[in-house]
Amino acid sequence: MRKYFGTDGIRGRVGTYPITPEFVMRLGHAAGSVLAKANITHTRTEKPAVLIGKDTRISGDMLAAALEAGLVAAGVDVYLAETLSTPGVAYLTRALRLQAGVVISASHNSFEDNGIKFFSASGTKLPDEMEAEIEAAIESPFITVESNLLGHAIPVKDAVGRYIEFCKSTFPSDLNLRGLTIAVDCANGATCNTAPHVLHELGADVLPIFNTPNGLNINQKCGATKPEAIRDAILQMNADIGLSFDGDGDRLMMVDHTGHIYHGDHLLYILARHRQEEGLLTGGVVGTVMSNLGVEHAFSQHRIPFHRSPVGDRYVTEALLERGWHLGGEQSGHILCLDKHTTGDGIIAALQVLAALQRKGRTLAELTQDLVFYPQVLLNLKVNNPKNWTQFPVIQEKRIEAETALLGIGRILIRPSGTEPLLRVMVEAQDNDVANFWANSLAETIQTQMGA
């Protein structure tokens, strides 16, 4: 059991343990110590080096300085990329041949939260074993290396420009976006300085919104978790298509010219079918336990293998690598194209969908017209100790009762959030009223037993 790391790094309220400068400095020192030890194992003569990037939260500078201090004290060189998306940090870590990358971000959360997530030298999330090793090192004494062994802080020149060129390189060279008017919701986050430029340089007329970050407005009534913002904007602007990213740039939602919203399951289906028809689909597709039954049935009809992983893009990545597949994603908008990038990337996912639309000469609606989703009810419950829900016999009895009632016509998922202090209850059924009934029945039992 990891004490600090969740499914997407370490996250919490700024100023509340563990998201404090003191802890983050210790975390940097611990991570640096682990990397330094690995460096010796691989007989490298130079110091290990780590890239630090951050989104636009006001607390980012404070936490970056603390992290830098801890890493330098452990004898690690630190490359500073300033404001850069999560997938941008993953790319540059790999491109610069560094030992690790660190993103200071709380993804889709509001500015009051922040977090730390690590990437390996290959641009993938750290394995659980290394996160556990870092956690163990946090408890060790904080010992600064001798002065001649201290790390350096090195600004990265044109980190944003390099990442923009990388994103553009994933779009087919024989296609362009001329004639398209694209509205882009940057969530006042890390894609403000990249997404509009990528799309414009590929030929699109770009109408950016929520692209004036002030440190306090990231994800505020905008972004991939609030796709209604881009829906309203696209109707007002009369744009052809809309893209909505989250604060750190690894999620994507899309909207067509009518205002219809397309989430991760839609986009994953479009990409899978396009690749299948072009003979480019490697193996099958990985979704998660949250992926709608409708998309699973649609893949089955087209003889596309489908596997469910636990929630979290790190687990989608692991499942893809285990199978040698390339395409996976989450309903929330994390889309992984491992033949293009090592991690989920909202901009690159958008470019792949736009390329599919260009190749087919069809719309989002036309490419998803044979998808039939099951009604899905998701409730987020604030209860005491969400991870302990399996210890209540009455809750287990209610779960079994619901699963029996839905056998063959739906499914149930109860799980603690990996990023927030919530217990999530999801019920799918062929009938919306049935889904609502069992979701609310389960929620009532859980809150009665566990305390709201």
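**Exercise 1. The largest cavity**

Task: State which residues line the largest cavity of this predicted model, and how they divide by class.

Solution. Start with the lining: T7, D8, G9, K117, F118, K125, L126, E131 and R314 line the largest cavity. Next, sort these residues by class: two are nonpolar, two are polar and five are charged. The space inside the largest cavity is about 50 Å³. Finally, place the cavity in its set: the count of cavities of 30 Å³ or more comes to three.

**Exercise 2. The largest pocket**

Task: Find which residues lie closest to the centre of the largest pocket, and which element supplies the largest share of its lining.

Solution. Step one is the volume, which is about 1100 Å³ for the largest pocket. Its lining has 33 residues, and those closest to the centre are G6, K387, S417, G418 and T419. Step two is the assignment to elements. Strands β1 (10-13) and β17 (410-416) each supply at least two residues of this lining. The largest share comes from β1, with four residues. Step three is the class: the lining of the largest pocket holds 13 nonpolar, ten polar and ten charged residues.

**Exercise 3. The second largest pocket**

Task: Describe the second largest pocket by volume, central residues, contributing element and residue class.

Solution. The volume of the second largest pocket is about 820 Å³. Of its 31 lining residues, R251, S332, L378, R415 and R424 are the closest to the centre. Strand β16 (residues 376-381) gives the largest share of this lining, three residues. By class, the lining of the second largest pocket counts eight nonpolar, 15 polar and eight charged residues.

**Exercise 4. The four-stranded sheet**

Task: Give the strand order of the sheet that contains β14, and explain why β13 and β15 are edge strands.

Solution. First, read off the order: four strands form an open sheet, β13-β12-β14-β15, with mixed pairing. Second, look at the ends. Because β13 (306-309) and β15 (335-337) each have a single partner strand, one side of each is left without a neighbour in the sheet. Third, take the twist: neighbouring strands of this sheet are turned by 20° against each other on average, direction ignored. Fourth, examine one pair. Strand β14 (residues 327-329) and β15 run antiparallel and are joined by three bridges. Within this pairing, G329 stands opposite I335 of β15.

**Exercise 5. The five-stranded sheet**

Task: Give the order of the sheet that contains β9, identify its edge strands, and name the bridge partner of S244.

Solution. The order is β8-β7-β9-β10-β11; these five strands form an open sheet with mixed pairing. The edges are β8 (205-209) and β11 (261-262), each with a single partner strand, so one side of each has no neighbour in the sheet. Inside the sheet, strand β9 (residues 241-245) and strand β10 (residues 252-256) run antiparallel and are joined by five bridges. The bridge partner of S244 in β10 is M253.

**Exercise 6. Two helix pairs**

Task: Classify the relative orientation of α3 and α5, and then of α8 and α9.

Solution. Begin with α3 (residues 86-95) and α5 (residues 159-169), which pack at an angle of about 95° with their axes 10 Å apart. Angles of 65 to 115 degrees count as roughly perpendicular, so α3 is roughly perpendicular to α5. In the contact, P87, G88, Y91, L92, R94 and A95 of α3 meet A159, R162, Y163 and F166 of α5. These residues divide into seven nonpolar, one polar and two charged.

Now take α8 (residues 264-278) and α9 (residues 293-301). Their axes come within 10 Å and cross at roughly 10°. Angles under 35 degrees count as roughly parallel, so α8 and α9 are roughly parallel to each other. Here D265, L268, Y269 and A272 of α8 meet V295, A298 and F299 of α9. By class, the contact of α8 with α9 has six nonpolar residues, no polar residue and one charged residue.

**Exercise 7. Backbone details in two loops**

Task: Locate the cis peptide bond between Y17 and P18, and the positive phi of N188.

Solution. The bond joining Y17 and P18 is cis, with omega of about 10°. P18 lies in the loop between β1 and α1 (21-41). N188 is not a glycine, yet its phi is positive, about 50°. This residue, N188, is found in the loop between β7 (181-185) and α6 (195-201).

Conventions
Residues numbered from 1 in each chain as written. Predicted model: local features only at pLDDT ≥ 70, side-chain atom pairs only at ≥ 80, totals over all residues. Heavy atoms only, no water. Pairing = 2+ DSSP bridges. Axes fitted to C-alpha atoms, helices over the stretch in contact; angles between N-to-C directions. Parallel < 35°, antiparallel > 145°, perpendicular 65-115°, else oblique. Contact = heavy atoms within 4.5 Å. Nonpolar A, V, L, I, M, F, W, Y, C, P; charged D, E, K, R; others polar. 1 Å grid on protein atoms, 1.4 Å probe; cavity = no way out; pocket = protein on both sides within 12 Å on 5 of 7 lines; lining within 4 Å. Points joined across faces, edges and corners; volume = space filled by probe spheres on them.
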